[in-house]
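User: I would like a close look at one part of this model, with the rest of the fold described around that part. Please treat the matter in one connected account.

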Amino acid sequence: MSTAVSSADSTPIIELRNVSKVFLGSVTALDDVSLQVFPGETVGVVGESGSGKTTLSKVALLLEEPTSGEMRLLGEPISLSKESRNKLRGVVHAVFQDPYSSLNPRFTVRQTLLEPLGPLGIKGDEAKERIMQALADVELSEGDLRKYPAQFSGGQRQRICIARALVGRPSLIILDEPTSSLDALVQAKVLNLLLKLQAERNVAYLFITHDLGVVNRVADRIAVMQHGVVVEQGLSAQVLRNPEHPYTKQLLASVPRVKGDS
Ligand SMILES: Nc1ncnc2c1ncn2[C@@H]1O[C@H](COP(=O)(O)OP(=O)(O)OP(=O)(O)O)[C@@H](O)[C@H]1O
Ligand SMILES: [Mg+2]
């Protein structure tokens with residue numbers, strides 16, 4: 001959790017204004033969603049399977065086009081155009097659930113970490129320095145640069161994915177269930193790492209998870225999603241201690257240990 005307290009006076013890094021997404025077959029995955037992520041904060045998005053969390057992350061990453069509504073990056077409207085995507089690339093990066101399928105098995109760690117730097121025009125010594133820093137950030141060693149994903153465990157692979165997200169020095173990292181595929185101990189280590197990096201870098205996180213225990217640990221603010229609708233949004237301490245919406249109450253009731261936890 002970051003120390004970001006009041007964000008009212010700064011420009012959101014990313015903003016969704018009344019965004020809806022209806023897929024073919026008329027599945028409404030997002031229904032009039034408004035959400036902002038401010039510099040340095042963590043916004044947790046929780047909700048059951050199928051509630052629209054991944055769709056939200058894809059829309060925010062300009063991988064899916066909203067059916068209606070508006071997207072803004074640093075206060076400016078953005079779309080799925082090349083220009084918008086290029087702008088986004090310098091500001092927002094992502095880490096996904098499955099560290100197995102999200103790494104190219106034919107790329108060494110060095111190639112994996114170089115990839116996001118090309119489009120940002122970062123090469124030579126600067127690229128080398130960035131890679132060494134990202135590697136140190138996630139507690140991997142220089143010797144790992146020559147290795148391939150298959151030579152690492154799930155937790156180590158997820159750290160490679162985090163390094164790849166960090167290397168371009170984004171203002172925001174969107175994390176879609178980043179620890180769901182990891183066992184409890186490794187999950188705790190990766191969460192600690194993310195918190196440490198945030199404290200050092202002031203990077204913002206949009207942290208998507210179905211796990212209220214995780215969100216309780218990391219999020220400054222929470223958005224609760226049900227059937228594509230954000231049914232409740234607010235400071236996490238408030239939402240988790242005094243939920244207003246029946247769906248949030250129901251979610252909390254299914255995880256008793258979160259209640260009253262600090
Ligand atoms: N490309 C697609 N085409 C059609 N329907 C889709 C597509 N992607 C998602 N959906 C539907 O949109 C809804 C929301 O899906 P989404 O993947 O965003 O949920 P989620 O909250 O991420 O779920 P989970 O916790 O299981 O990952 C679901 O009903 C899903 O079937
Ligand atoms: Mg999902």
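In β4, which residue is the bridge partner of Leu-16?

Analyst: The bridge partner of Leu-16 in β4 is Met-71. The model is a predicted one, and the account below starts from this pair and moves outward.

The strand β4 covers residues 68-73 and runs antiparallel to β1, to which five bridges join it. On another side of the pairing scheme, β1 (residues 14-23) is also matched with β2, again in the antiparallel sense, over seven bridges. Two of the facing positions can be named: Val-19 lies opposite Val-33 of β2, and Val-22 lies opposite Thr-28 of β2. The hairpin formed by β1 and β2 has three residues between its strands, and Gly-25 adopts a positive phi near 90 degrees there.

These strands belong to an open sheet of four, ordered β2-β1-β4-β5, in which the pairing is antiparallel. Its edges are taken by β2 (27-37) and β5 (76-78); each has a single partner strand, so one side of each is left without a neighbour in the sheet. From one strand to the next, the twist of this sheet averages 30 degrees.

The chain also contains an open sheet of six strands, with mixed pairing and the order β6-β7-β8-β3-β9-β10. Here the edge strands are β6 (92-95) and β10 (229-235), each of which pairs on one side only. Neighbouring strands of the six-stranded sheet are turned against each other by 15 degrees on average, with direction ignored. Within this sheet, β3 (residues 42-46) and β8 (residues 204-208) are paired in the parallel sense through four bridges. Val-45 faces Ile-208 of β8.

Two helices lie across strands of the six-stranded sheet. Helix α1 (residues 53-60) lies across β3, β7 (172-176), β8 and β9 (221-226), and runs at about 150 degrees to β7. Helix α9 (residues 246-253) lies across β3, β9 and β10, with an angle of about 100 degrees to β9.

At the level of domains, the assignment divides the chain into domain 1 (1-91 + 170-262) and domain 2 (102-168). Their centres, taken over C-alpha atoms, are separated by 25 Å. Contact between the two involves 14 residues of domain 1 and 14 residues of domain 2.

The largest pocket can be placed with respect to this division. Domain 1 and domain 2 both give residues to its lining, so the largest pocket lies between them. The space within this pocket is about 630 Å³. Its lining comprises 16 residues, of which Arg-89, Val-92, His-93, Ala-94 and Phe-96 are the closest to the centre. By class, ten of the lining residues are nonpolar, two are polar and four are charged. At least two residues of the lining come from each of α2 (82-89), β6 and α5 (154-166). The strand β6 therefore appears in two parts of this account: as an edge strand that pairs on one side only, and as a contributor to the lining of a pocket that lies between the domains because both domains supply residues to that lining.

To return to the part requested, Leu-16 and Met-71 are bridge partners, and the strands β1 and β4 are joined by five bridges within the four-stranded antiparallel sheet.

How values were computed. Residues are numbered from 1 along each chain as its sequence is written. Chains are lettered from A and ligands numbered from 1 in the order in which they are written. This is a predicted model: local features need pLDDT of at least 70, side-chain atom pairs count only at pLDDT 80 or more; totals for chains, interfaces and linings use all residues. Side-chain values use heavy atoms; hydrogens and water are left out. Two strands pair if DSSP finds at least two bridges between them. Axes are lines fitted to C-alpha atoms, for helices over the stretch in contact, and angles run from 0 to 180 degrees between N-to-C directions. Contact means heavy atoms within 4.5 Å. On a 1 Å grid over the protein atoms alone, a cavity is a set of points where a 1.4 Å probe fits but cannot get out, and a pocket is an open set with protein on both sides within 12 Å along at least five of seven lines; lining residues have an atom within 4 Å of a point. Grid points are joined across faces, edges and corners, and a volume is the space filled by probe spheres set on the points. Ala, Val, Leu, Ile, Met, Phe, Trp, Tyr, Cys and Pro count as nonpolar, Asp, Glu, Lys and Arg as charged, and the others, Gly among them, as polar. Domain bounds come from an automatic or database domain assignment.
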